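Biologist: Got the model up? I'd like to go through the empty spaces inside and hear how each label is earned.

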Amino acid sequence: MSSLAWDVLRMIPRRPFQFKEVVTQAWFFASVTVLPTALVSIPFGAVIALQLGALTKQIGAQSFTGAASALAIIQQASPLITALLVAGAGGSAMCADIGARKIRDEIDALEVMGVSATHRLVVPRVLGAMVVAVLLNGVVSVVGVLGGYFFNVVVQGGTPGAYLAGFNALAQLPDLWISEFKALLYGFVAGVVAAYRGLNPPAGPKGVGDAVNQAVVITFLLLFLINVVLTAIYLGVVPAKGT
């Protein structure tokens, strides 16, 4: 899997660059992930806002509800929701497509003709997953923050000014950059894992189905591990606003 990831990075600048195929794959990923991602981000933002709103009310820190909920959504929830949907919806379809090509010997036929399957099939799909992950992360951030704002102000009786002032007091631009970087890396990992399992399906009639299941599970495990590492590095390197 690591070798495939290195091959993908090495072949990205190789000519000819398949721009049309990248756009096609990005559109496919977007078509299967945009609506589920938006629908998941609304309750996610609501749960975070309701929980943090109740907690800050107990300790008398209602003015920081907006900052806490928005930072939690932007830094953690948005890239994770994006990654799970990209891996669960787009990655599984990608793995099934490549796996079906593998069992029909299309991959071997490409190699016989001297065409690199990694450059022809994997690179455009991985780039498409990365592009869609970054764009979806922005959508989730906006929808999640708006959902948190609505539930905090309307349901819990908070004030709009306090919500926005708290967000402005603690949030900073690097929070958005780390969120987008996480989404970019998650899209890369999801694409590489899906491609690897699709290129190496288990033998037998259930091979492709088992490969899809393995790809989703492995991707989820890797994404949560990467999230812990990146969050620890970010909190140690970037100082909090106001310190």
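Modeller: Sure, and keep in mind that this is a predicted model. Let's start with the second largest cavity, which has a volume of about 30 Å³.

Biologist: Why is that space called a cavity and not a pocket?

Modeller: Because a 1.4 Å probe fits there but cannot get out, whereas a pocket is an open set.

Biologist: What makes Ser41 and Val140 lining residues of the second largest cavity?

Modeller: Lining takes an atom within 4 Å of a cavity point. Ser41 and Val140 are on that list, and so are Phe44, Gly45, Ile48, Ile73, Ala77, Ser78, Ile81 and Gly144. The elements giving two or more residues to this lining are α2 (19–58), α3 (65–103) and α5.

Biologist: How do the residues of that lining divide into nonpolar, polar and charged?

Modeller: Six are nonpolar, four polar and none charged. Gly counts as polar here, so Gly45 and Gly144 from the lining go into the polar group.

Biologist: And the largest cavity, how much space lies in it?

Modeller: About 40 Å³. Its lining includes Met11, Phe17, His119 and Pro124, and helix α5 (residues 117–155) gives the most, with three residues.

Biologist: What makes one residue of that lining charged?

Modeller: Arg14 is in the lining, and Arg counts as charged, so Arg14 fits that class. The others divide into seven nonpolar and two polar.

Biologist: How do you know what share of the protein is buried?

Modeller: Buried means under 20% relative accessible area, and 46% of the 243 residues count as such.

Key. Residues numbered from 1 in each chain as written. Predicted model: local features only at pLDDT ≥ 70, side-chain atom pairs only at ≥ 80, totals over all residues. Heavy atoms only, no water. 1 Å grid on protein atoms, 1.4 Å probe; cavity = no way out; pocket = protein on both sides within 12 Å on 5 of 7 lines; lining within 4 Å. Points joined across faces, edges and corners; volume = space filled by probe spheres on them. Helix = DSSP H or I, 4+ residues; strand = E, 2+ residues; numbered from the N terminus. Buried < 20%, exposed > 50% of the residue type's maximum accessible area, 1.4 Å probe, protein only.
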